[in-house]
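Could you walk me through this structure in questions and answers, for someone who has not seen it before?

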Amino acid sequence: MSQMPQQAALAKCPSCAEPVESGDLFCGACGYDLSVVSAPPQDHPTLTMTGPAGPGDGTPWPTPGPPGPAASPEPHLSADLPGADAGGTPLSGGGPDSTPGTTPPAGPGGHEGGGGHSPGSGVRFDRPDEPDEYPLQAPDPRPASAPADPAQLCVACRAGRVDSDGYCENCGHAQPRERDHVERESGPVAAVSDRGLRHHRNEDAFAVGHTALPDGTPAALAIVCDGVSSATRPDDASLAASRAAGDTLLAALPRGTHPQAAMHEAIVAAAQAVNALAEEPATAREHAPHQNAPACTIVGAVVTPGLLVVGWVGDSRVYWVPTDRTAPPARLTEDDSWAAQMVAAGLMSEAEAYADARAHAITGWLGADAYELEPHTASFKPDRPGSVVVCTDGLWNYAETAEEMSEVLPPDAADRPLHSARVLVGHALDGGGHDNVTVAVLPFPVPPQGAGSA
């Protein structure tokens, strides 16, 4: 490579104003070609800029301050100057036949890459190196201009969208789960389930429905299940059991199966559904040896114009409350629990047993590791109208006796079962809401089809 001609020494780079030394061909800070000193631009464009005619035409480069004498540089070949094309390949220059002082054609886009200089000319690039990849801009947490689905907006800030994990993308607030509070009515029966005030999720579940017997008389049903918190996936267990039992009753009753036999079939079907959860890979013992099988309790009621049937396994309950509150109410189930066994054996009074820390330890449940399944069923023929309350211990802990349940149940419960279920859940929450709360209310006798909750 031939020696570049020397020129008058410069105190600083005309491009970046960094100090330079005599004999420097390029600025050490910005790479500016000091052999073709151009006038400093009035602005700093980001596109290429070709300066005036280079040295050798007899016209000195304008410089700030008093112009100094400039030595006439000897012509040089473009091949004498280093450079690269847009792809980073070294340029070959103009070759032996090139005319001194000519500028090689620019690469694609009108400039070479690398942010350097154009060989053999006053062309300069102020544009920095372009990265191979550009980072994406962070998503705007504000809602899009298009109206969003209200169900996907955060309940806290009402601005951010809710991600697939149930958290707001704007404020991070955890959204209520679908089962945190559920209300449903079917014909004359209604139910309400709530997470309560102390638990992080609702492990209760229910099923309600109404149908007709073969002779056309109406029938209403309610199933309530309470997941065993010490077991694996108690919420899945209660949901599977309630669905299986409800579907079995809705299929068996229209076929003419006696309501008490249908209730027994429903509990067996619920137990099979919960047992099946333990066979799924997600709960395989080799993956979670410290966990037991999914489990829950179950209680249900079927009401027809002249018959009341109940069935249960565990410690959820059914209460009978007459419309005439001067008549005595009754509890129609017996708990499968440590406290109930102590009372039945005559070892403790009911007050003493339920005051013990072991009172709510259940002795019967649905699940793969349960004892031998023993569904309890019973039939009653009330002699007067009233209401049937089916509930988990999340309610009866705050209204344990039949008399206490009668006091908190609204007088018009038979006519307004949904309203009454809401009142009972509210009573439990007002009392502290230490557990999940689920309540179903059915009128007796069941009214003709078409009548529902007021």
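The questions below go from the sheet to the cores, the helices and some single residues.

Q: What kind of model is this, and from which number are residues counted along each chain?
A: This is a predicted model, in which local features need pLDDT of at least 70 and side-chain atom pairs count only at pLDDT 80 or more, while totals for chains, interfaces and linings use all residues. Side-chain values use heavy atoms, with hydrogens and water left out, and residues are numbered along each chain, as its sequence is written, from 1.

Q: In what order do the 6 strands of the open sheet lie?
A: Strands here are DSSP runs of E with at least two residues, helices are runs of H or I with at least four residues, and both are numbered from the N terminus. Two strands pair if DSSP finds at least two bridges between them. The edge strands, each pairing on one side only, are β1 (181-186) and β8 (330-331). With antiparallel pairing, the order of the open sheet is β1-β2-β12-β11-β7-β8.

Q: How many bridges join β11 to β12?
A: On one side, β12 pairs with β2 (residues 189-194) in the antiparallel sense over 5 bridges, and there aspartate 194 stands opposite valine 437. With β11, valine 390 has alanine 440 of β12 as its bridge partner. These two strands, β11 and β12, also run antiparallel, and the number of bridges joining them is 6.

Q: Why is β12 largely enclosed by the rest of the structure?
A: Buried means under 20% relative accessible area, exposed means over 50%, and partly exposed lies in between, with a 1.4 Å probe and protein chains only. Val437, Val439, Val441 and Pro443 point one way from β12, whereas Thr438, Ala440, Leu442 and Phe444 point the other way, and all are buried. The strand β12 is largely enclosed because its buried residues number 8 of the 8.

Q: Which helix gives the largest share of the largest nonpolar core?
A: A nonpolar core is a set of buried Ala, Val, Leu, Ile, Met, Phe, Trp, Tyr and Cys residues joined through side-chain atoms within 4.5 Å. The largest one has 29 residues, and those with the most contacts inside it include Tyr319, Cys391 and Val439. Its largest share, 5 residues, comes from helix α7 (residues 417-430).

Q: At about what angle do α1 and α2 pack?
A: Contact means heavy atoms within 4.5 Å, and among the residues that meet are Ala237, Ala241 and Leu249 in α1, with Ala266, Ala270 and Val274 in α2. Axes are lines fitted to C-alpha atoms, for helices over the stretch in contact, and angles run from 0 to 180 degrees between N-to-C directions. The axes of α1 and α2 (residues 259-277) lie 8 Å apart, and the helices pack at an angle of about 145°.

Q: Is threonine 392 buried or exposed?
A: Threonine 392 is found in the loop between β11 (386-391) and α5 (393-396). Leaving aside neighbours within four places in sequence, its contacts include Asp204, Asp226, Ser316 and Asn436. With a relative accessible area of 0%, threonine 392 is buried.

Q: How many residues apart in sequence are glycine 367 and asparagine 275?
A: Glycine 367 has its place in strand β9 (residues 366-367), and at a relative accessible area of 10% glycine 367 is buried. Not counting residues up to four places away in sequence, glycine 367 touches Val274, Asn275, Pro294 and Ala295. From C-alpha to C-alpha, glycine 367 and asparagine 275 are 5.2 Å apart in space, and their separation in sequence is 92 residues.

Q: What is the relative accessibility of serine 349, which counts as partly exposed?
A: Serine 349 lies in the loop between α3 (338-344) and α4 (350-355). Serine 349 and alanine 339 are 10 residues apart in sequence and 9.2 Å apart in space, C-alpha to C-alpha. Serine 349 counts as partly exposed, with a relative accessibility of 34%.

Q: Near what value is omega for the cis peptide bond from phenylalanine 444 to proline 445?
A: Proline 445 has its place in the segment after β12 (437-444). The peptide bond leading from phenylalanine 444 to proline 445 is cis, with omega near -5°.
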